[in-house]
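Good morning, and thank you for coming. Please take a moment to look at the sequence and the structure before I begin.

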Amino acid sequence: MALTRRNNRSIDGPVIGSFANATVANTSLNAAYVNATSGNACGFVFMAEQDGTIDNVFVYTSAVTGTMATGIKCELRAIDSSGLPSTVAATSDVIIPAAGWTKFTFSSGNSISKGTAYWVVVSTSEASPASNYPAVVHTSALDAYTTRLANFFRSATTTGGFATVTFATGGHPGLLAKFTYGGVAVYRGSPYNAAVANGPSNANPRGNIFTVDADCWCYGAMGDHFTALANLVQLRAYGSANGTLAASTVLASATFASTYASNNYQVISWAPVQLTAGTQYRITMTPPSSANVLYSATIPGTTDSDILACRPWGGSVYGCESSDGTNWTDTAAKIFTIAALICGQEPGTTGGYARRTLQ
């Protein structure tokens, strides 16, 4: 969704979270990869945002068939005039993956230049890949349109050595990358590789925690709800981790109209609320009855700080929910479909537009 500007406010993207139609996709690395010729692989094409390095790629393996003897690897490749992988610039360590996350490291040749496009290709090094291979997740449980990420970081698969390419269209890249730009670690990709599941079916609030990186004003929210019910959206102070709802002061609230069509976006507004850089807040949705659910996605089986840093907005966004209407549970490895914030400059000012949504 394109950026929309109204009255010095910005709406940037639809929602943060997952859609019912966003599904995890796997690639079986069960054929030797010969670039531009033959073999199975998955990977992603990206554009370097600054001069720097690509340091690590994180791969999630959903299953391993047979007994692998050598492993799989990641290659940093140049991009040719047709947009396909070409010469190898760097090769990671070769690792035999188990089910779960595997971290691959580039130790040399991994410098990247601002504005230049590259490929990362994940392929097998096995001598007998047809019977000994992993199934690697290449598309995550988050819908492709929940951030602008797909504009410069796109996952792809091939069964023919990337002589041609098939780009994923239904979700975020499930492969993660860690870059260093100007001495600062930058993460791309989506770790939400568990299947999309319904959130709790009750009348209690759930939503996401976020931190803004600059002072701004919040004028409302835009969200998606999955049944035609009046869902209460609240902007709250953070309160405390795993604390009580009462400690999480409501700063603003509005209700999605009960007549609004299911599976569509709706914009709601409230009196401007100032948000302070570096401060945690909550954006929550409460259904009017136990009949309504919000969809959620989870990060499977990890406490790795690099993987958790691939959560949206620099890792500052993660889930919270209440099962009893009294207490919060904060969950770093879960995210709910909830609202994007409509934010901008101080009321009455003119000039540029702040982009402070949950993206």
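I shall speak about two sheets, then the nonpolar cores, the aromatic rings and a few loop residues.

A word on the basis of this talk. This is a predicted model, in which local features need pLDDT of at least 70 and side-chain atom pairs count only at pLDDT 80 or more, while totals for chains, interfaces and linings use all residues. Residues are numbered from 1 along each chain as its sequence is written, and side-chain values use heavy atoms, with hydrogens and water left out.

Let us turn to the sheets. Strands here are DSSP runs of type E with at least two residues, and helices are runs of H or I with at least four, all numbered from the N terminus. Two strands are said to pair if DSSP finds at least two bridges between them.

One open sheet has six strands in the order β20-β19-β22-β17-β24-β25, and its pairing is antiparallel. Which strands stand at the edges of this sheet? They are β20 (250-255) and β25 (329-331); each has a single partner strand, so one side of each is left without a neighbour in the sheet. On average, neighbouring strands of this sheet are turned by 20° against each other, direction ignored. For such angles, axes are lines fitted to C-alpha atoms, for helices over the stretch in contact, and angles run from 0 to 180 degrees between N-to-C directions.

Within this sheet, please find strand β22, residues 280-286. Six of its seven residues are buried, where buried means under 20% relative accessible area, exposed means over 50%, and partly exposed lies in between, using a 1.4 Å probe and protein chains only. Strand β17 (residues 206-211) is joined to β22 by six bridges and runs antiparallel to it; in this pairing, F210 stands opposite Y281. Strand β19 (residues 232-237) also pairs with β22 in the antiparallel sense, over six bridges, and here Q234 has T284 as its bridge partner. Further along, strand β24 (residues 318-321) pairs with β25 over three bridges, again antiparallel, with E321 opposite T329.

A further open sheet of six strands has the order β7-β6-β10-β4-β12-β13, also with antiparallel pairing. Its edges are β7 (85-91) and β13, each with a single partner strand, so one side of each is left without a neighbour in the sheet. Strand β6 (residues 72-79) is joined to β7 by four bridges, and L76 has A90 as its bridge partner in β7.

Next come the cores. A nonpolar core is a set of buried Ala, Val, Leu, Ile, Met, Phe, Trp, Tyr and Cys residues joined through side-chain atoms within 4.5 Å. The largest has 40 residues, of which F210, V233, L235, W270 and L275 touch the most other members. Strand β21 (residues 264-275) gives the largest share of this core, four residues. Apart from this core lies another of 26 residues, including F44, A177, F179 and Y181.

Consider L235 in the largest core. Contact means heavy atoms within 4.5 Å. Leaving aside neighbours within four places in sequence, L235 is in contact with several residues, among them F210, W270, L275 and Y281.

I now come to the aromatic rings. Rings of Phe, Tyr and Trp (its six-membered ring) pair if their centres lie within 6.5 Å; planes under 30 degrees apart count as stacked, over 60 as edge-to-face, and the rest as tilted. By this rule there are nine aromatic pairs. Why does the pair of F46 and Y118 count as stacked? The ring centres are 5.5 Å apart and the planes lie at 25°, so this pair is stacked. F46 lies in strand β4 (residues 41-47) and Y118 in strand β10 (residues 117-124), so the pair ties together parts that are 72 residues apart in sequence. Both of these residues are buried. Ring pairs also link F44, F46, Y118, F179 and Y181 into a cluster.

Finally, two loop residues. F162, in the loop between β12 (153-158) and β13 (166-167), has a positive phi of about 60° although it is not a glycine. N242, in the loop between β19 and β20, likewise is not a glycine and has a positive phi, of about 50°. Are these residues buried or exposed? F162 counts as buried, at 1% relative accessibility, whereas N242 counts as partly exposed, at 48%.

Thank you for your attention.
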